[in-house]
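Hi everyone, thanks for making time for this one. Let me put the structure up, and then we can walk through it together.

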Amino acid sequence: REILWKSLYPAKPYNYGVMKNLIHDLTKLAEDFASQSRIKKNHSLHRSELLKFLCSKDNPKLISKYSERITKEKKDILTNNLFDEFEIEKTKAQIFYSLLSDRQKAEPQKEFDFATELLLVSFLSELFEHYSMINEVNKIHKVSIETPLLNEALELVENYDKFLKHEKISAYYYLLMSEKENKSEFFTKAMKTLTDMSNDSDPRFLYYLWVNLANNLAFRFHEGDMSAQRELFELNKLIIEKGICHPEGKNKIYAVNFNTIYNIAATLKEYEWAFEFVNQHYVLLEEDIREDMRNRCLADLSFRSNNFEATINHLGNIKKIPDPHMKIYVKMLTVISYYELGYLESSLSALDAFKHLLKNEKRLQEVIRKKYEKFIRAFTLLVSAREGDKSAAEKFRMYVENTEGITSLNWLLRKAQELDESSSVSKSV
């Protein structure tokens with residue numbers, strides 16, 4: 001730095017602060033130069049950045065003129081393999097609108113030229129995938145995804161069915177139309193697209209198509225369509241057969257997907273399939289959680305089969321479960337299993353730990369917390385009834401039958417029925 005300073009200011013003493021600012025400014029200029037040089041050398045990127053700049057000036061006429069230049073240069077784009085390098089995600093909408101606007105003014109039914117068609121295929125694929133993904137989030141908040149841009153795109157595909165030859169466009173088109181028109185025929189076509197696709201297709205596309213289809217079925221089920229759960233199970237079987245477990249095609253599976261696939265199978269009493277799924281696929285989980293996840297699922301299967309000793313054994317092998325909802329569920333299974341085995345003190349001790357976790361686990365969804373709190377209230381009444389409190393037995397039965405949103409309701413109802421049968425036997429004696 002001192003040598004450079006002497007060259008710049010031979011008559012002045014060295015100043016560290018001034019030199020630091022000079023080097024900082026010079027570095028910024030070098031970075032800007034490197035960035036601009038890369039853009040200038042990359043023809044498509046250069047055009048893309050220029051188009052973005054024009055769009056920021058909000059001049060539709062200029063945008064339209066420049067997008068025409070892009071389509072006229074199709075030979076150069078295709079010859080130099082620059083088409084895939086287009087980085088114009090944010091400006092494709094403007095190009096799309098200008099193309100449609102020109103088409104509507106002139107010859108609406110005229111075929112697109114090859115370069116324009118490729119541009120539209122790229123744009124439609126990204127647009128449909130984007131709207132399909134955000135649609136699942138929007139449905140939670142009951143917000144419509146309909147926009148003028150999406151409606152124009154759907155209408156374009158409807159009028160030019162050649163775009164449906166592209167499997168990515170067709171799959172997401174049918175998925176979006178099933179939401180827009182609420183017609184099962186569109187959803188069935190989207191499902192068929194996934195079924196017909198080969199296992200070596202783009203793993204990212206296969207994975208996110210499955211996610212969208214699964215979310216669609218899950219929402220239908222929660223809205224009261226009970227058949228949707230069976231459809232979801234069959235869909236999950238299909239993706240396991242195809243090996244669609246990871247968006248990057250890796251031989252791995254996310255814990256949340258593993259848990260969801262198991263839960264749906266177990267809920268439908270597909271116990272044999274669930275058992276095989278767990279034992280064959282738990283090795284695809286992250287190493288630090290795979291044994292715990294396996295024991296969690298096997299504990300649940302044992303519980304559903306009324307094998308409470310095996311349930312306790314599997315639960316005892318669990319070292320750590322990071323997911324708060326699974327952690328709470330494991331605590332509840334422990335409480336119930338000890339109760340069923342007649343170990344009342346152990347059950348009550350587990351109940352105290354359950355209450356403590358429920359109170360202090362901040363990550364738990366409030367609606368889920370309320371369900372477990374209702375279970376604790378019902379279980380406390382059950383214990384009192386078991387110890388001979390006749391008023392508690394009646395309160396327990398009334399609480400279980402008249403309170404909505406209790407976790408493990410079926411088990412509680414069975415306990416209520418057992419209390420009634422026990423009471424009837426006592427009276428007859």
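What pLDDT does the protein chain average, and what share of the residues score at least 70? This is a predicted model, and the chain averages a pLDDT of 80, with 76% of the residues at 70 or above.

Where does that confidence vary? Helix H5, residues 74-79, has the lowest confidence in the chain, with a mean of 38, while H14 has the highest, at 97. Around H5 there is a point to flag for anyone planning to use the coordinates: the pLDDT stays below 50 over residues 74-91. That stretch still has 33 contacts in the model beyond near neighbours in sequence. Where pLDDT is low, though, predicted coordinates should not be read in detail.

So let's spend our time on H14, which covers residues 271-281. Which of its residues are buried? They are Trp 273, Ala 274, Phe 277, Val 278 and His 281. Looking down the axis of H14, these buried residues fall within an arc of 130°, so they line one face of the helix. The face turned away from that buried side carries Glu 272 and Gln 280, which are exposed.

And what covers the buried residues of H14? The cover includes three helices: H12 (227-242), H13 (255-267) and H15 (290-304).

Last, a word on cysteines. Cys 245 counts as buried because its relative accessibility is 7%, and Cys 297 is buried too, with a relative accessible area of 0%. As for disulfides, with sulfur atoms required to be within 2.5 Å, the count comes to 0.

Notes
Residues numbered from 1 in each chain as written. Predicted model: local features only at pLDDT ≥ 70, side-chain atom pairs only at ≥ 80, totals over all residues. Heavy atoms only, no water. Buried < 20%, exposed > 50% of the residue type's maximum accessible area, 1.4 Å probe, protein only. Helix = DSSP H or I, 4+ residues; strand = E, 2+ residues; numbered from the N terminus. Arc of directions from axis to C-beta. Contact = heavy atoms within 4.5 Å. pLDDT = per-residue confidence, 0-100.
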